[in-house]
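Reader: I am new to reading protein models. Could you walk me through this one, please?

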Amino acid sequence: MKENEDKEAMIQALLPKTSGRKTEDDEFLSCSYKNLIFGTLLLLGGLLYLQVANTSSCQYTLSIVAPAYGYQSDTVPQIPAEPSWIKEETEETEEKICTPKDLVGALAINFDMSKVEERYKEMAVENQEYFENGEHLPKDCEVAPKKNIAIIIPFRDMTADLFRTKQFHYFLYYIVPILHRQNNHFAVYLVNQANDGSPFNRAKLLNIGFDVAKDDGFDCFFFHDVDLVPENDKNIYECLDTPRHYSGYIDKFNYKLPYNTIFGGITAFTAEAFEKINGYSNEYWGWGGEDDDLERRTIGGAKYKLVRPSPQITRYKMIKHDHETSNKPNPNRVKLLKAWNKHNQFDGLNSLNYELIERNNEVFYKNITVDLKYEERIPLQELLGNG
Ligand code: UD2
Ligand code: MN
């Protein structure tokens, strides 16, 4: 019997521990698995959260992240639906970037010349507080890249009645309030050709405006005739990486393209794009051809697509005018245009020579007068590739 009892005791000793302890171990193990699975889910949720928070807006983040934290338990701390720091950051970011304010859409434009000076003064009184050193700077927001806009106007007024100056005043009368509502950093550069008896050179004046405005820190350049006024303030002045022709749809042409490749009037370029094409040619003296030459450099040379903003919104009114007798058609324009790719490499920004005669800041614009050095121009034969 003793032997049996001893044997029983031995068997008990060799047996695995009591069923009670066995259950505890099982629970311990199953809890570990649960914890592991839950922990992994939590980690994945966290990673998803971080990933999305990095790449998208915070509101969007929360709608994705909330289900990832859907599991609720007393032991897991609850994630607040909208963590306060995310909300704060969202609000800050939205406030920081400048966006248009109070746009009204289509505008009534008319050019009653008997009223121009009176209207110009009215506009001046209402808007001068927004300007400093001839520049408009929005308050309490950060200007986005490519929205520091230099509007460069080629200019010379040799008319007896100062008609181009009146056009300029109408231009400012309309554009200043429009661009003020668009709420970006902008400056109008009036680039005056010194009255030295040389033919007018629109393109070279525009290259000079670019040179000066880029040095002043602008990053978006509108090459803009003085006699074109936007009919809608939703026509947003800004640059994209691809250059754009803005003035395709003008009242004078019944808001239709006079020809498909037209590139005159107004174009918008980033500094990178304008430098890539070597700017305008400097060698179109007199009326015509320089705008088509720019189109060849941009589309034919640099292979940009010909892009225009919306035909419905980007409509312009042109102040009616005759061509000045002082700006005769350039007799070489057709030859020069045909040979555009014979001179685009060495005639442009990389050969720009001029003398800055005067520069001062008016309230609404920066006034620059330049000598274009007509006597130092590149000989025609060289430009045509026969040099
Ligand atoms: C067309 C083009 C213009 C230009 C020109 C040929 C359009 C809508 N316009 O305009 O961009 O290519 O043909 O050169 O396609 N200017 C002065 N004083 C002058 C002469 C001209 O300030 O004595 C300036 C002014 O900013 C004017 C611009 O140069 O708006 C173009 O001259 P335009 O208006 O006489 O030429 P237009 O209307 O034929
Ligand atoms: Mn014109």
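Author: Happily! Helices and strands here are DSSP runs, with at least four residues for a helix and at least two for a strand, numbered from the N terminus. Keep in mind too that this is a predicted model.

Reader: How many helices and strands does the protein have?

Author: Let's take the two kinds of element in turn. The helices number twelve. For the strands, the count is twelve.

Reader: Is strand E5 enclosed or open to the outside?

Author: E5 covers residues 220-224. Cys220, Phe222 and His224 point one way, while Phe221 and Phe223 point the other way, and all are buried. A residue is called buried when 20 or more other C-beta atoms lie within 10 Å of its own. Because five of the five residues in E5 are buried, the strand is largely enclosed by the rest of the structure.

Reader: Which strand runs parallel to E5, and which residue of E5 is the bridge partner of alanine 150?

Author: Strand E3, residues 148-155, is joined to E5 by four bridges, and the two run parallel. Look along E5 for the partner of alanine 150, and you arrive at phenylalanine 221.

Reader: Which strand pairs with E5 in the antiparallel sense, and what stands opposite cysteine 220 there?

Author: Five bridges link E5 with strand E9, residues 266-270, in the antiparallel sense. Opposite cysteine 220, in E9, you will find threonine 270.

Reader: Which residues have the most contacts inside the largest nonpolar core, and which helix gives the largest share of this core?

Author: This core has 62 residues, and those with the most contacts inside it are Ile152, Tyr189, Val191 and Phe221. Its largest share is ten residues, and they come from residues 163-182, helix H6.

Reader: Which residues of E5 does isoleucine 152 touch?

Author: Leaving out residues up to four places away in sequence, isoleucine 152 touches Tyr189, Val191 and Leu206, among others. E5 spans residues 220-224. From that stretch, the contacts of isoleucine 152 include Phe221, Phe222, Phe223 and His224.

Reader: How many residues surround ligand 1, and which element gives the most to the shell?

Author: Ligand 1 is surrounded by 24 residues, and the closest are Asp225, Val226, Gly264, Gly265 and Asp291. The elements giving two or more residues to this shell are E3 and helix H9 (290-301). By class, the shell has nine nonpolar, seven polar and eight charged residues. With three residues, the element that gives the most is E3.

Definitions and conventions:
Residues are numbered from 1 along each chain as its sequence is written. Chains are lettered from A and ligands numbered from 1 in the order in which they are written. This is a predicted model: local features need pLDDT of at least 70, side-chain atom pairs count only at pLDDT 80 or more; totals for chains, interfaces and linings use all residues. A residue is buried if 20 or more other C-beta atoms lie within 10 Å of its own, exposed if 12 or fewer, and partly exposed in between; C-beta atoms are placed from the backbone. Two strands pair if DSSP finds at least two bridges between them. A residue is near a molecule or strand if its C-beta atom, placed from the backbone, lies within 6 Å of it. Ala, Val, Leu, Ile, Met, Phe, Trp, Tyr, Cys and Pro count as nonpolar, Asp, Glu, Lys and Arg as charged, and the others, Gly among them, as polar. A nonpolar core is a set of buried Ala, Val, Leu, Ile, Met, Phe, Trp, Tyr and Cys residues joined through C-beta atoms within 7 Å. Two residues are in contact if their C-beta atoms, placed from the backbone, lie within 7 Å.
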